[in-house]
Amino acid sequence: MQSDQFDEPRWLPVLDRWVQKLGMTRALLLLCGTVWLLAVGMSQLAITLMGQGNRTIATVSSSVCALSITSVFGYVFLRLVVHLEQARKSMLRHATQDALTGTFNRRYFLEQVGREWARARRYDTACALLLIDVDHFKRVNDSFGHLCGDTVLRQIADVSGETLRQADVLARFGGEEFIVFLPHTDPLGALDVAERIRERVEALNLSWNGKSVPLSISVGVAALGIEHQTLDQLIHDADEALYAAKASGRNCVRAGAGLLPGRSSVFSG
Ligand SMILES: Nc1nc2c(ncn2[C@@H]2O[C@H](COP(=O)(O)OP(=O)(O)OP(=O)(O)O)[C@@H](O)[C@H]2O)c(=O)[nH]1
């Protein structure tokens, strides 16, 4: 997970307040006037100190003053650019990521996958969806505390992320629920990915204050078919499959109706 802390120059809020108070035009005029007076004053001082009337000294001292002032302004400008870029990245993270797990958030998932899903439908390519839900998560929170619960969510996000391909999209869909979009993946491939994630979560072996935390997930799988007119319908199928996984005793993978006609659509833990 990335931190939202960034190195904000301390003078930036002061500068901001100052510009707000005076208005941009007046602040700029005041700044230019001060810099100009400073430049003239410094070069005059240098000329007086180093010998009056000497043209070479005057030229050198004015150049030194101009260079120092340019350096200060260059520094301020560069820090502003760096700060703006950090702020932009931080805003982007807030808009797209879940703060706890570092996965994408629900809003970004629906936006991003909405486009990919439409493309898959349009060009008739395979794609699938997984809904992952932590089993008895309330018990984990109640027995080990919310900090442990948060760690569980992070670990499940990490394990899922490590199992997926780069083109797959993983997001936190709700409290203890994750969603995965698998582009160019047929039903068998999707079941395989779901089962691998389930196995890896089961093997996590997390202990909290010396006690082992029982961990498992249930996964519902749905794959794009002609009956899916909207992304919501695909999600709904995955949700029904997840419900079936919970009803079958949890810690297992279930496929949506009609995903694999004529085959067993069950993987069990
Ligand atoms: N630690 C932590 N807990 C959360 C977070 N978001 C949701 N929860 C908790 O997740 C729990 C979900 O509980 P339930 O919906 O009853 O589900 P469950 O206990 O996992 O039961 P099943 O899904 O049926 O296996 C609730 O206790 C929520 O408070 C979070 O960000 N951190």
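# Notebook: helix α4 and its surroundings

I started with helix α4, where F109, V113, W117 and A120 are buried. The model is predicted, and I keep that in mind throughout.

**Entry 1: α4 itself.** I looked up the extent of α4. The helix covers residues 106-122, which makes 17 residues. From first C-alpha to last it reaches 23 Å, close to the 24 Å expected at 1.5 Å a residue. I then checked for a bend. α4 bends by about 25 degrees at V113. V113 is also one of the buried residues of the helix. What do the buried residues of α4 pack against? I found three strands and a helix: β1, β2 (169-172), β3 (177-183) and α8 (231-247). After α4 comes D124, and its phi is positive, near 55 degrees.

**Entry 2: P183.** Next I went to β3, the strand that holds P183. Is P183 buried or partly exposed? It counts as partly exposed, because 18 C-beta neighbours lie inside 10 Å and a buried residue needs 20 or more. I listed the contacts of P183, leaving aside residues up to four places away in sequence. They are E116, A120, C127 and A167. A120 I had already met as a buried residue of α4. I also noted a pairing across the sequence. P183 and A128 sit 55 residues apart in the chain, yet their C-alpha atoms are 6.6 Å apart.

**Entry 3: H184 and N205.** I looked for unusual backbone angles. Most residues other than glycine have a negative phi. H184 is not a glycine, and its phi is positive, about 50 degrees. I placed H184 in the loop between β3 and α7. H184 is partly exposed, because 14 other C-beta atoms lie within 10 Å. N205 is not a glycine either, and its phi is also positive, about 55 degrees. That residue belongs to the loop between α7 and β4. N205 counts as exposed, because its C-beta neighbours inside 10 Å number 8.

**Entry 4: A203.** I stayed in the loop between α7 (187-202) and β4 (207-208), where A203 is placed. A203 is exposed, because 9 other C-beta atoms are found within 10 Å and the limit for exposed is 12 or fewer. I checked its distance to S216. The two are 13 residues apart in sequence and 8.8 Å apart in space, C-alpha to C-alpha.

**Entry 5: the ligand shell.** I turned to the ligand and found 16 residues around it. Which of them come nearest? They are F137, K138, H146, G149 and G175. I then sorted the shell by element. β1 (127-134), α5 (137-144) and α6 (146-163) each supply at least two residues. The largest share, 4 residues, comes from α6. By class, I noted 7 charged, 5 polar and 4 nonpolar residues. β1 turns up twice in my notes: the buried residues of α4 pack against it, and it supplies residues to the ligand shell.

**Entry 6: the whole chain.** Last, I stepped back. The protein chain has 269 residues, and 27% of them are buried. I noted 8 helices and 8 strands. The domain assignment gives domain 1 (11-96) and domain 2 (106-268). Their centres, taken over C-alpha atoms, are 55 Å apart. I ended with contacts between residues at least 6 apart in sequence. Of these, 64% join residues at least 24 apart.

Terms used:
Residues numbered from 1 in each chain as written. Predicted model: local features only at pLDDT ≥ 70, side-chain atom pairs only at ≥ 80, totals over all residues. Domains from an automatic or database assignment. Near = placed C-beta within 6 Å. Nonpolar A, V, L, I, M, F, W, Y, C, P; charged D, E, K, R; others polar. Expected span 1.5 Å × (residues − 1). Bend = angle between axes of the 7 residues up to and from the residue. Contact = placed C-beta atoms within 7 Å.
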